[in-house]
Amino acid sequence: MVAPVITGYYRYTDIWFEWHQALSNPDDRGPLKACLAHDALVHPDHPLRKEGVDGAELFMGTLQNYETRLLFSSAQVEYLRYWLHAMKLTKTLIPLPYSDCLLTTSSLRHVSPVHYKTGGDVRSALKQIEKNNKRLKGANPILNTRRDLFERVRTFWADKKGAWCALDFEAWDRDHTVLTEFGWSIVRWDDQKEIQEQGHLIVKEHRNYYNTYVANNREHYSFGESEIVPRVVFKSRIQTMISSLQQSGPLFLVFHDNSQDIKYLNSKAVEADLPDMTFLLPDATPDAGIFVVDTSELFAALEGEAGHNRRSLERVCRHLQIPCPYLHNAGNDAHYTLLSMKSMASGDPLDIQREKRWPRQTGTGVNGAVNGSQVGTGVKVDFKPWEEDSDFSDQEGAFEDM
């Protein structure tokens, strides 16, 4: 029988520190070590250089215990040993690392490519990964769950399958059964080409219901023309849209703090048909189904929030540097929700993305309590007052730093 070919990933540290030492021929160790040097990996002539990538492509993996590791793919390791022998830099085809070192997909929660432009970037990444793993040791399960969700969304988004549809409803603030608006913003793919759609409906019978406590911005839709439709058309348009999107493969319904909007979808005013909708994302990109993605949860993962605090859409957009005028217009809110999701999902792996967005602002607070005990040093971002509040005086911020 032919043994099956097993592919997977090797820890960067195993390849860099251990592989050359395991070679029986001392003359083979130097070329391998030189080829794996940080500065060599990012050189334009390196054999592992990938076309279109500025620097070295490696992989970031999350183990089952939620720790992260920098990885080489088994394909990269295989190619490197063949290249060294073909270039006559090694006398024989050097052996692969020990099979016990190979991490298969069952050993990993997530894997995604990462790129480094300089050898210094690689060294810094290794230090940052070690620091984050120490901070997350014994982390609150809520934070681990959010981090897991964040990476699954990144993986699904990168696969460019199905449709991602951000939805938002507005209701009269004196009676939430009176729906006044509906907005949507959609990204779907056709042969890997991104297609965007958006819109805003106003319920004709309720257009004279004005809020008392929430901003009245239904007339300020910023991304097209609002449509004023009767209640019956309002209902059928939403039902038809959701039904149509399901034909494209998996449907990801994107909300910001989903509880109220899902109630509206299930209300008599809409009666959306969502029998298979789930809040649990599968291990791999699905081929069908309806899945809920919540940007308040994604941002909580990004900022390292282990508690039950949820950021408002306005605050999330502020921290992601997304301008968001005329909130509380359903069309605008749906658009900003999708933009915030896209900003996070299309970025780097979570810990790298957090550090790029807010350099050296990861706090030293705890991740939360487990069985009454404080654990971990935390990865919570320490936002400054002027980052949190647009009305905070520049002068106040300057004095605070003194």
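In which loop is Asp 257 found? Asp 257 sits in the loop that runs between strand E10 (251-255) and helix H8 (259-266), and this briefing returns to that residue below, after the overall architecture, the salt bridges and the helix contacts. The structure is a predicted model, and its chain contains 14 helices and 14 strands. Of the 402 residues in the chain, 48% count as buried.

**Overall architecture**

- Taken along the principal axes, the C-alpha atoms of the chain fill a box of roughly 85 × 60 × 45 Å.
- Among the contacts in the chain with a separation of 6 or more, 68% are accounted for by residues 24 or more positions apart.
- Pro 359 lies in the loop between helix H12 (residues 350-357) and strand E13 (369-370), and the C-alpha atoms of Pro 359 and His 46, which are 313 residues apart along the chain, are separated by 30 Å.
- With a relative accessible area of 36%, Pro 359 is partly exposed, because that value falls between the 20% limit for buried residues and the 50% limit for exposed ones.

**Salt bridges**

- The count of salt bridges in the model comes to 31.
- One of them pairs Asp 351 with Arg 147, whose closest N and O atoms are 2.8 Å apart; this pair links distant parts of the chain, since Asp 351 belongs to helix H12 (residues 350-357) and Arg 147 to helix H6 (residues 141-159), with the two positions 204 residues apart in the numbering.
- Both partners of that bridge are buried, Asp 351 having a relative accessible area of 10% and Arg 147 one of 9%, and each is classed this way because its value is under 20%.
- Arg 310 forms a salt bridge with Glu 297, the closest N and O atoms being 2.7 Å apart; Arg 310 lies in the loop between helix H9 (295-303) and helix H10 (313-319), while Glu 297 is in helix H9 itself, so the bridge ties together parts that are 13 residues apart in sequence.
- The two partners of this second bridge fall into separate accessibility classes, for Arg 310 is partly exposed at 37% relative accessible area, whereas Glu 297 is buried at 16%.
- Lys 384 is bridged to Asp 382, with their closest N and O atoms 3.7 Å apart, and here Lys 384 is partly exposed at 31% relative accessibility, as is Asp 382 with a relative accessible area of 40%.
- Salt bridges that share partners also join Glu 303, Glu 305, Arg 311, Arg 315, Lys 380 and Glu 388 into one network.

**Helix contacts**

- Two packed helices are described by the angle between their axes and the distance between the axes.
- The axes of helix H2 (residues 26-36) and helix H4 (residues 74-86) come within 11 Å and cross at roughly 125°, and the two helices are therefore oblique to each other, with H2 passing H4 in a right-handed crossing.
- In this contact, Pro 31, Leu 32, Cys 35 and Leu 36 of H2 meet Leu 80, Trp 83 and Leu 84 of H4, and the residues divide into 7 nonpolar, no polar and no charged.
- Helix H1 (residues 12-19) also packs against H2, their axes coming within 9 Å and crossing at roughly 145°, and H1 passes H2 in a left-handed crossing.
- Here Tyr 12, Ile 15, Trp 16, Phe 17 and Trp 19 of H1 meet Leu 32, Lys 33 and Leu 36 of H2, and by class this contact has 7 nonpolar, no polar and 1 charged residues.
- Leu 32 and Leu 36 of H2 are listed in the contact with H4 and again in the contact with H1.

**Backbone angles**

- Most residues other than glycine have a negative phi.
- Asp 257 has a positive phi near 60° although it is a residue other than glycine, and at 36% relative accessibility Asp 257 counts as partly exposed.
- Tyr 66 likewise is not a glycine and has a positive phi of about 80°; Tyr 66 is found in the loop between strand E2 (56-63) and strand E3 (68-73), and counts as partly exposed at 24% relative accessibility.

Notes: Residues are numbered from 1 along each chain as its sequence is written. This is a predicted model: local features need pLDDT of at least 70, side-chain atom pairs count only at pLDDT 80 or more; totals for chains, interfaces and linings use all residues. Side-chain values use heavy atoms; hydrogens and water are left out. A salt bridge is a side-chain nitrogen of Lys or Arg within 4 Å of a carboxyl oxygen of Asp or Glu. Helices (H or I, at least four residues) and strands (E, at least two) are DSSP runs, numbered from the N terminus. Buried means under 20% relative accessible area, exposed over 50%, partly exposed in between (1.4 Å probe, protein chains only). Axes are lines fitted to C-alpha atoms, for helices over the stretch in contact, and angles run from 0 to 180 degrees between N-to-C directions. Angles under 35 degrees count as roughly parallel, over 145 as roughly antiparallel, 65 to 115 as roughly perpendicular and the rest as oblique. A crossing is left-handed if the near helix is turned anticlockwise from the far one by less than a right angle, and right-handed if clockwise. Contact means heavy atoms within 4.5 Å. Ala, Val, Leu, Ile, Met, Phe, Trp, Tyr, Cys and Pro count as nonpolar, Asp, Glu, Lys and Arg as charged, and the others, Gly among them, as polar.
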